[in-house]
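Me: Please take a close look at one charged pair in this model. Then work outward to the loops, the core and a helix that deserve a bench biochemist's attention.

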Amino acid sequence: MMKDFMISNLLDLKETIAAELFEGKTYPWEVLPEIGDFIVKLGKTLSPQEYDYQEGDIWIAKSAKVAPTACINGPVIIGKDAEIRHCAFIRGKAIIGEGAVVGNSTELKNAVLFNKVQVPHYNYVGDAVLGYKSHMGAGSICSNVKSDKKTVTVKDGEEKIETGLKKFGAMLGDNVEVGCGSVLNPGTVIGRNCNIYPLSSVRGCIPADSIYKCAGEVVEKQ
């Protein structure tokens, strides 16, 4: 049991409209196959005083700012005070939290962004869960398919969990900072309050409160 990387140790479920999606599950990647159906179910319960509905199962909070050049495909929920900037591409099955930022040329697909998440410049976030206040620097991406197209295994030292998923981006705990130009490889899980150095290629599980400098050099925050 990878206790550090369980939902309860990675994510503050008070900071997402999608808390119910995570109920009864142990690890955050278990929600990935259910995001689309959950959005449709949840969207139908949202207040029309607070959310505008658009054809295609798209719910956008009235207080959100959405650039006219953004491309949004449903099912999608965009939370209160979120900002969807110029030329963002939301491919569908995305929950964007309150106060979150989806920026220029950022692409989202089958992802849950908790409140206050920032993916503001040239990011790809697919088949991923990003915890409260996590931030991906410019050009950092979630690689979500292995080069051999096999199912993804999550590895923490000698421990392994077979996910059964062919598509698995990254799981970021709350308050994770990912440096510019980094690649989070399939099966990457990053614990709370971690910093990832720019231009990193990250694999496996990174313990909470760590600084990832490079492969083999992960130090505890002082």
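Reply:
**A charged pair and beyond**

Arginine 192 is partly exposed, because its relative accessible area is 23% and that class lies between buried (under 20%) and exposed (over 50%), computed with a 1.4 Å probe on protein chains only. Before going on, note that this is a predicted model: local features need pLDDT of at least 70, side-chain atom pairs count only at pLDDT 80 or more, and totals for chains, interfaces and linings use all residues. Residues are numbered from 1 along each chain as its sequence is written, and side-chain values use heavy atoms, with hydrogens and water left out.

Which residue does arginine 192 meet in a salt bridge? The partner is aspartate 174, at 3.0 Å, N to O. The two residues are 18 places apart and tie distant parts of the chain together. Aspartate 174 sits in the loop between β17 (170–172) and β18 (177–178). Arginine 192 sits in the loop between β20 (188–190) and β21 (195–196). Helices (H or I, at least four residues) and strands (E, at least two) are DSSP runs, numbered from the N terminus. Aspartate 174 counts as buried, because its relative accessibility is 3%.

A salt bridge here is a side-chain nitrogen of Lys or Arg within 4 Å of a carboxyl oxygen of Asp or Glu. The whole structure holds 8 of them. Another joins arginine 91 to glutamate 107 at 2.8 Å, N to O. This pair also links distant parts of the chain, 16 residues apart: arginine 91 is in the loop between β7 and β8 (94–96), and glutamate 107 is in strand β10 (residues 107–113). Arginine 91 is partly exposed at 36%. Glutamate 107 is partly exposed at 22%. Glutamate 83 and arginine 85 form a salt bridge too, at 3.1 Å, N to O. Glutamate 83 is partly exposed at 28%, and arginine 85 is partly exposed at 31%.

Now the buried loop positions. Alanine 88 lies in the loop between β6 (83–84) and β7 (89–90). Why does alanine 88 count as buried? Its relative accessible area is 1%. Contact means heavy atoms within 4.5 Å. Beyond residues up to four places away in sequence, alanine 88 touches Ala70, Cys71, Val102, Gly103, Ser105 and Thr106. Its C-alpha atom is 4.8 Å from that of serine 105, which is 17 residues away along the chain.

Serine 140 is in the loop between β13 (135–136) and β14 (141–142). It is buried, with a relative accessible area of 0%. A polar atom of its side chain lies 2.7 Å from the backbone oxygen of glycine 137. Outside its neighbours within four places in sequence, serine 140 contacts Tyr122, Asn123, Tyr124, Val178, Gly179, Gly181 and Ser182.

Tyrosine 122 merits its own look. It is in the loop between β11 (118–121) and β12 (124–130). Its phi is near 55°, a positive value in a residue other than glycine. Most residues other than glycine have a negative phi, and most peptide bonds are trans. Aspartate 81 also has a positive phi, near 60°. It lies in the loop between β5 and β6. Aspartate 81 is exposed, at 53% relative accessible area. The peptide bond from glycine 74 to proline 75 is cis, with omega near 0°. Proline 75 is in the loop between β4 (71–72) and β5 (76–78).

Next, the core. A nonpolar core is a set of buried Ala, Val, Leu, Ile, Met, Phe, Trp, Tyr and Cys residues joined through side-chain atoms within 4.5 Å. The largest one has 71 residues, of which Phe22, Trp29, Ile78 and Val125 touch the most other members. Apart from neighbours within four places in sequence, valine 125 contacts residues including Glu107, Leu108, Met136 and Cys142.

Finally, helix α3 (residues 35–43). Its buried residues are Ile35, Gly36, Phe38, Ile39, Leu42 and Gly43. Seen down the axis of α3, they fall within an arc of 160°, so they line one face of the helix. The arc is that of the directions from the helix axis to the C-beta atoms. Asp37 and Lys41 are exposed on the other side of α3. The buried residues of α3 pack against α2 (19–22), β2 (58–61), β5, β8 and β10.

Methods
A polar contact is a pair of N or O atoms within 3.5 Å; within protein, one must be able to donate a hydrogen and the other to accept it, and residues adjacent in sequence count only if both atoms are side-chain atoms.
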